[in-house]
Every structure is written in structure tokens, then in C-alpha cells.
Amino acid sequence: MKKTVVTVVGKDSVGIIARICTYLADNEINILDISQTIVDGFFNMMMIVDIARCSREFGDMADDLERIGMEMSCIVKTQREDIFDQMHRI
């Protein structure tokens with residue numbers, strides 16, 4: 001399993017989850033856990049995904065998701081779990 005953290009932040013609008021999840025499904029990326037909330041009109045989603053079956057290189061996948069986010073006026077960031085863990089260690 002290759003766990004990756006995907007975060008999405010932006011003004012709430014119809015289709016954000018659908019657009020991101022469609023990309024993930026089309027690239028055989030499995031969602032392991034997902035949390036989303038809307039606070040005062042701002043959408044925030046964090047997902048843990050498994051990219052083990054994804055044929056795209058990590059950088060290309062991250063760029064694709066960032067581009068999709070820009071098209072929806074959202075910020076989409078993708079980080080490998082091990083790097084995410086190292087950055088947030090106390």
C-alpha cells in the first residue's frame with residue numbers, strides 16, 4: 001500500500017467531491033478515509049488514498065489534481081504519507 005494525503009480547500013460549490021473522486025477512480029486510486037466540512041462557505045476535504053495501483057507517476061498525479069483544483073478555484077495538495085508524517089512530528 002502507498003498511502004498519500006490529498007487536501008482540497010476552496011469556496012464551496014457543486015461538484016468538488018465528484019470531480020476529485022472521478023479522477024481518483026479513473027486512475028485506480030482507492031480512497032481509504034475521507035473527511036470533509038464546510039465552514040462559512042469554505043469547503044475543506046482531507047483524504048487518505050492508496051496509489052499503489054495508479055499507473056501515473058506521483059508528480060504527474062499531483063500536478064493533475066492541482067490543475068483540476070485550479071479549474072474549480074480550489075487548492076489541491078498531494079503529499080506522500082511518510083513525508084506528511086515527518087513534517088508534522090513533534
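**A walk through a four-stranded sheet**

Let's start with one residue: V5 has a relative accessibility of 3%, so V5 counts as buried, the cut-off for that word being under 20%. One thing to keep in mind as you look around is that this is a predicted model. Where along the chain does V5 sit? You'll find V5 in strand β1. If you follow the chain from V5 to M70, you travel 65 residues in sequence, and the two C-alpha atoms lie 18 Å apart in space.

Now let's zoom out to the sheet that β1 belongs to. It's an open sheet made of four strands, and reading across it you meet β2, then β3, then β1, then β4, with antiparallel pairing. In general, strands of a sheet pair through backbone hydrogen bonds, and they can do so in parallel or antiparallel fashion. Which strands sit at the edges here? Those are β2, residues 30–39, and β4, residues 74–80, each of which has a pairing partner on one side only. Going from one strand to the next, the twist averages 10°.

Let's look at how the strands are joined. β1 and β3 (residues 42–50) run antiparallel and are linked by nine bridges. To see one spot along that pairing, find V6: its bridge partner in β3 is M47. On to β2, which is also antiparallel to β3, with nine bridges between them. Here you can pick out D33, whose bridge partner in β3 is I48. β2 and β3 form a hairpin with two residues between the strands, and in that hairpin D40 takes a positive phi near 50°.

Next come the helices. What does helix α1 touch? This helix, residues 16–26, packs on the sheet and touches β1, β2, β3 and β4, and its direction makes about 15° with that of β3. Helix α2 packs on the sheet as well, touching β1 and β4, and its direction makes about 165° with that of β4.

Speaking of β4, have a look at T78, which has its place in that strand. Is T78 buried or exposed? Its relative accessibility is 14%, so T78 counts as buried. What surrounds it? Setting aside neighbours within four places in sequence, T78 is in contact with T4, V5, V6, F58, M61, A62 and L65. So our starting residue, V5, turns up again as one of the contacts of T78. V39, by comparison, is 39 residues along the chain from T78, and their C-alpha atoms are separated by 22 Å.

Last stop: the largest pocket, which holds about 200 Å³ of space. Which elements give two or more residues to its lining? They are β1 (3–11), α2 (58–71) and α3 (81–87). Among the lining residues are T4, F58 and M61, which you've just met as contacts of T78. Others in the lining include K2, K3, R56, E57, R80, E81 and D82. Sorted by kind, the lining residues come out as seven charged, four nonpolar and one polar.

Terms used. Residues are numbered from 1 along each chain as its sequence is written. This is a predicted model: local features need pLDDT of at least 70, side-chain atom pairs count only at pLDDT 80 or more; totals for chains, interfaces and linings use all residues. Side-chain values use heavy atoms; hydrogens and water are left out. On a 1 Å grid over the protein atoms alone, a cavity is a set of points where a 1.4 Å probe fits but cannot get out, and a pocket is an open set with protein on both sides within 12 Å along at least five of seven lines; lining residues have an atom within 4 Å of a point. Grid points are joined across faces, edges and corners, and a volume is the space filled by probe spheres set on the points. Ala, Val, Leu, Ile, Met, Phe, Trp, Tyr, Cys and Pro count as nonpolar, Asp, Glu, Lys and Arg as charged, and the others, Gly among them, as polar. Two strands pair if DSSP finds at least two bridges between them. Axes are lines fitted to C-alpha atoms, for helices over the stretch in contact, and angles run from 0 to 180 degrees between N-to-C directions. Contact means heavy atoms within 4.5 Å. Buried means under 20% relative accessible area, exposed over 50%, partly exposed in between (1.4 Å probe, protein chains only).
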